[in-house]
Amino acid sequence: MLPLKEAYFEVAKNPHMPFTVNGKEMAVKVLGTKFNVRSYREDPTVDITLLEGSISLTNHLADNSVPCLLKPNEKATLNKQNGQMTIEKVQASDWSEWTRGKLVFDAERFGQIIRRLEREYNVSINVKDSDLLNRKFYGDFRKAQSIQEIFDIMTAGNQFHYKFKESVITVTK
């Protein structure tokens, strides 16, 4: 089993040969669908977002887990620490925009945005005021934009300030 970070799948329907993605925390069984899986080792959650079709999820972290069915425009989030899984309605296409060279944040917590930006731009982002981590932001960016352009846009509302030196970004109120 290879360690999964993030993957987007389009699986043709074949009821005789179901497609399964097995991970440490959960298994995803598909008969024909489009979905995104985000599972980075350092993240506290595994996120699976369904664009089309249906998938069955089995939580390996819960005792006697009963598979649950995910519908289009739903996201399952599995907490790796306590094994709890939640399902919420989302704009699922936002979760696959990375395959088209975009970064889309739709009411996403700044703490999660930071992890995505650090991975994408190979930078370290230090936030001096921890209450900023739970603030939610919206944004639609192209990966071709520089990290400075993205931070200039995000700071336009004066909710925070940043300084960029070498490959480290420091964020303050």
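**Exercise 1. Work out whether Phe9 is buried or exposed in this predicted model.**

Solution. Start with the number: Phe9 has a relative accessibility of 18%. The cut-off for buried is under 20%. So Phe9 counts as buried.

Now try its partner. Phe19 has a relative accessible area of 31%, so Phe19 is partly exposed.

**Exercise 2. Describe how the rings of Phe9 and Phe19 sit together, and say which parts of the chain they join.**

Solution. A pair of aromatic rings is described by two things, the distance of the centres and the angle of the planes. There are eight aromatic pairs in the structure. For Phe9 and Phe19, the centres are 5.6 Å apart and the planes make 55 degrees, a tilted pair. Next, place the two residues: Phe9 belongs to strand β1 (residues 6-11) and Phe19 to strand β2 (residues 19-22), so their pairing ties together parts that are ten residues apart in sequence.

**Exercise 3. Do the same for Phe110 and Phe160, then find the cluster they belong to.**

Solution. Here the ring centres are 4.9 Å apart and the planes of Phe110 and Phe160 meet at 40 degrees, so this pair is tilted. As for location, Phe110 is in helix α1, while Phe160 is in the loop between α2 (147-154) and β11 (161-165). That makes it a link between distant parts of the chain, 50 residues apart. Phe110 and Phe160 are both buried. Finally, look around them: one aromatic cluster takes in Phe110, Phe137, Phe151, Phe160 and Tyr162.

**Exercise 4. Check the length of helix α1, and list which of its residues are buried.**

Solution. Helix α1 covers residues 110-121, twelve residues in all. At 1.5 Å a residue, the expected span is 16 Å. The C-alpha atoms at the two ends are 16 Å apart, so the two values agree.

For the second part, the buried residues of α1 are Phe110, Gly111, Gln112, Ile113, Ile114, Arg116, Leu117 and Tyr121. When you look at the helix, keep in mind that an α-helix has 3.6 residues a turn, so residues three or four places apart point the same way.

**Exercise 5. What is unusual about phi in Asn122 and Glu166?**

Solution. Begin with the general rule: most residues other than glycine have a negative phi. Asn122 has a positive phi, near 55 degrees, without being a glycine. Asn122 follows α1, in the loop between α1 and β9 (124-127). With 66% relative accessibility, Asn122 counts as exposed.

Glu166 also has a positive phi near 55 degrees. You'll find Glu166 in the loop between β11 and β12 (168-172). Its relative accessible area is 70%, so Glu166 is exposed.

**Exercise 6. Trace what Arg119 does with its side chain.**

Solution. First step, the salt bridge: Arg119 meets Glu42 at 3.0 Å, N to O. Arg119 sits in helix α1 and Glu42 in the loop between β3 and β4, 77 residues apart, so to speak a link between distant parts of the chain. Arg119 is partly exposed, at 26%, whereas Glu42 is exposed, at 53%.

Second step, the network: salt bridges link Glu42, Asp43, Arg115 and Arg119. Asp43 lies in the loop between β3 (26-38) and β4 (45-59) and is buried, with a relative accessible area of 4%. Beyond its neighbours within four places in sequence, Asp43 contacts Lys80, Gln112, Arg115 and Arg119.

Third step, the ring: Arg119 lies over the face of Tyr40, 3.4 Å from the ring centre.

**Exercise 7. Compare the surroundings of two more salt bridges, Arg116 with Glu108 and Lys173 with Asp131.**

Solution. The search finds twelve salt bridges in the whole structure. In one of them, the closest N and O atoms of Arg116 and Glu108 are 2.9 Å apart. Arg116 is buried at 10%, and Glu108 is buried at 11%.

In another, Lys173 and Asp131 bring their closest N and O atoms to 2.6 Å. Lys173 is in the segment after β12 and Asp131 in the loop between β9 and β10 (136-142), 42 residues apart. Lys173 is partly exposed at 46%, and Asp131 is partly exposed at 38%.

Notes. Residues numbered from 1 in each chain as written. Predicted model: local features only at pLDDT ≥ 70, side-chain atom pairs only at ≥ 80, totals over all residues. Heavy atoms only, no water. Helix = DSSP H or I, 4+ residues; strand = E, 2+ residues; numbered from the N terminus. Expected span 1.5 Å × (residues − 1). Buried < 20%, exposed > 50% of the residue type's maximum accessible area, 1.4 Å probe, protein only. Phe/Tyr/Trp six-rings, centres within 6.5 Å; stacked < 30°, edge-to-face > 60°. Lys NZ or Arg CZ within 6 Å of the ring centre and 35° of its normal. Contact = heavy atoms within 4.5 Å. Salt bridge = Lys/Arg side-chain N within 4 Å of Asp/Glu carboxyl O.
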